[in-house]
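Please examine the structure shown below. The explanation that follows leads through its pockets and then through two individual residues.

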Amino acid sequence: MKTTSLLILGTAALASANDGDCFSNTAASDCNGSTEGGESCVWCQSAAVGDSCFKQSDAEGLPDSVFKCDMFSLTGGSECTAHTSEKECMSSTEGSENCAWCTSGAVGNSCFKDSDAQGLPDSVFRCEYQTWYQAMFSAAKTYFGF
């Protein structure tokens, strides 16, 4: 009985060591590219609770207003949150939805999907949407004769 129990525990420990645990990765470079249970690990940044590594399915359920996850490496760069400059953000989409550039003195500047940006608290974020941005750019082109 003892031998069987030790064998089972040893096998479980070996499987766990080979499979990995996303949360045990303490740096983005270790996290991205790792797996847990055959699922990709994702590095998520948060000023509120600190940076951590999560399984992709767990990261997808985290609130965008608190966590900025590096899903960019998993999706080939189609997500709004992957864009780090206003110019890049304001000319991008995620699926069929435009991206919006949001500034915040509390948590920094970020790019979000329009629908996510519209749900952010006005007391913390000031967001610019592409329709407004495109209208201002068009007016500037007309004014300056571009």
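**Pockets and two buried residues**

In this predicted model, strand S7 contributes four residues to the lining of the largest pocket, which is the largest share. S7 spans residues 110–113, and it is joined by helix H3 (56–60) and strand S4 (68–69) as elements that each supply at least two residues of that lining. The pocket holds about 480 Å³ of space. Its lining consists of 26 residues, and those nearest the centre are Asp64, Phe67, Lys68, Cys69 and Thr81. When the lining residues are sorted by class, 13 are nonpolar, six are polar and seven are charged.

The second largest pocket has a volume of about 160 Å³. It is lined by 11 residues, and Gln45, Lys68, Cys69, Asp70 and Thr81 lie closest to its centre. Strand S4 appears here again: both S4 and strand S2 (39–45) give at least two residues to this lining. By class, the lining of the second largest pocket comprises five nonpolar, four polar and two charged residues. Lys68, Cys69 and Thr81 are thus named for both pockets, being among the residues nearest the centre of the largest pocket and among those closest to the centre of the second largest pocket.

Attention now turns to single residues. Phenylalanine 125 is found in the loop that runs between helix H6 (114–118) and strand S8 (126–129). Is this phenylalanine 125 buried or exposed? Its relative accessibility is 8%, and because buried means under 20%, phenylalanine 125 counts as buried. Beyond residues up to four places away in sequence, phenylalanine 125 touches Cys102, Thr103, Ser104, Val107, Phe112 and Leu120. Phenylalanine 125 can also be placed relative to glycine 108: the two are 17 residues apart in sequence, and their C-alpha atoms are 9.1 Å apart in space.

The other residue to consider is asparagine 25, which lies in the loop between helix H1 (2–19) and helix H2 (28–31). With a relative accessibility of 16%, asparagine 25 likewise counts as buried. Which residues does asparagine 25 contact, leaving aside neighbours within four places in sequence? They are Asp30, Cys31, Ser34, Cys41, Trp43 and Cys53. Among these contacts, Asp30 and Cys31 fall within the range of helix H2 (28–31), while Cys41 and Trp43 fall within the range of strand S2 (39–45).

Conventions: Residues numbered from 1 in each chain as written. Predicted model: local features only at pLDDT ≥ 70, side-chain atom pairs only at ≥ 80, totals over all residues. Heavy atoms only, no water. 1 Å grid on protein atoms, 1.4 Å probe; cavity = no way out; pocket = protein on both sides within 12 Å on 5 of 7 lines; lining within 4 Å. Points joined across faces, edges and corners; volume = space filled by probe spheres on them. Nonpolar A, V, L, I, M, F, W, Y, C, P; charged D, E, K, R; others polar. Buried < 20%, exposed > 50% of the residue type's maximum accessible area, 1.4 Å probe, protein only. Contact = heavy atoms within 4.5 Å.
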